[in-house]
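Here are my notes on this one, as numbered points. Have the structure open while you read.

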Amino acid sequence: AIPLVVAINTSLAARNGMLIRDRIAMERARNLDTIVFDKTGTLTKGEQGVVGIETVGTVSENDALALAAAVESDSEHMIAQAIREVADERDVSVDAATDFEALKGRGVRATVDSDAISVGGPNLLSALDVEAPSELTAFAERAGDNAQTVVYLVREDIPGRSEEEPNATQRATNEEERSEPASRTSGAAAGTEATVIAAFALADVIREESYQVVDALHELGIEVAMLTGDSEDVATAVADDLGIDTVFAEVLPEDKDGNITALQEQGRSVAMVGDGVNDAPALTRADIGIAIGSGTDVAVQSADIILVQNNPMDVVRLVKLSKASYRKMQ
Ligand code: ADP
Ligand code: MG
């Protein structure tokens, strides 16, 4: 039988837009000492807009958009939507792309005009073992200082796709010796010449409720952490603004749950709040997984509690409700 107090509080929770998939999790919430939030779409609105474009050489902004929008045409990511939107606003005729490939936590890649074109963040560049030219680096630094997310457009000229290995002369056209091609990760197509040809800066907005959430959790004696695939610059800027205690940035989707484990190994009782497919393993790993708002099906299925109203303040209400119920049970 379901204890009466629990039954009452489950329905009370439901009335507050909290769907409890695991009743024990609701009870455990009173003991939380650390809450980890996903950044994009949870603490921020997740509605990114392109606010700057920088290109190299003879590449025009619209050339860059034509390629980037083509590669992003198959992606649901907020960054993809933002790039398609600006291409559309500028009436850019988007190139045709094939062979779409999602590079988890890094970006996307597709074939355009027999070149492999990819769009993605700093993680993508390291995976492709390529560096941005100085004009793009300067642009990225300015954007980072303003808490803007930067993604790069990379062209990989594939010298005869049938060849097993690039020959020495093709490699020599690279100004610098590539270090350890063997260390390239799965995102890279070995044996290609990759060039970064443009960068896009995107701005997201912190949700107003997020400021209150961090303050209220601090008042409850709970530490607040942020976990994101976005760059260190952006993550730090957002965390400083919100007063967040701990930041995990540039975390690949497959590593998100590892950060939760590390906190648990410090003896902490940890909740994870997220909305994305990428957050699912961390939601599962946490002592309490909380899916928020328009969370993807995968996030919802991995969570113990679902906050239907997409309001991060409900995380605070949840902890308070759990503490109040526990007092009643004494
Ligand atoms: P978050 O953890 O903030 O939800 P993701 O794991 O979805 O972020 O993505 C992490 C990073 O990977 C992004 O900040 C971006 O640099 C890159 N990325 C992912 N998907 C795309 C895409 N479709 N286009 C460009 N960049 C992408
Ligand atoms: Mg997210």
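1. A term to start with: two residues are in contact if their C-beta atoms, placed from the backbone, lie within 7 Å. By that rule, twelve residues of domain 1 are in contact with eleven residues of domain 2. The domains are domain 1 (4–45 + 206–329) and domain 2 (49–203), with bounds from an automatic or database domain assignment.

2. On the domain 1 side of that junction, helix α10 (residues 232–242) gives the largest share, four residues. Sorted by class, that side has five nonpolar, four polar and three charged residues. Here Ala, Val, Leu, Ile, Met, Phe, Trp, Tyr, Cys and Pro count as nonpolar, Asp, Glu, Lys and Arg as charged, and the others, Gly among them, as polar.

3. Keep in mind that this is a predicted model: local features need pLDDT of at least 70, side-chain atom pairs count only at pLDDT 80 or more, and totals for chains, interfaces and linings use all residues. Residues are numbered from 1 along each chain as its sequence is written, while chains are lettered from A and ligands numbered from 1 in the order in which they are written.

4. Now the ligand. Ligand 1 has 24 residues around it (C-beta atom, placed from the backbone, within 6 Å), and the closest are Thr40, His77, Gly107, Gly121 and Gly229. Domain 1 and domain 2 each put at least three residues into this shell. By class, the shell has 13 polar, six nonpolar and five charged residues.

5. Overall, the protein has 14 helices and 13 strands, taken as DSSP runs (helices: H or I, at least four residues; strands: E, at least two) numbered from the N terminus.
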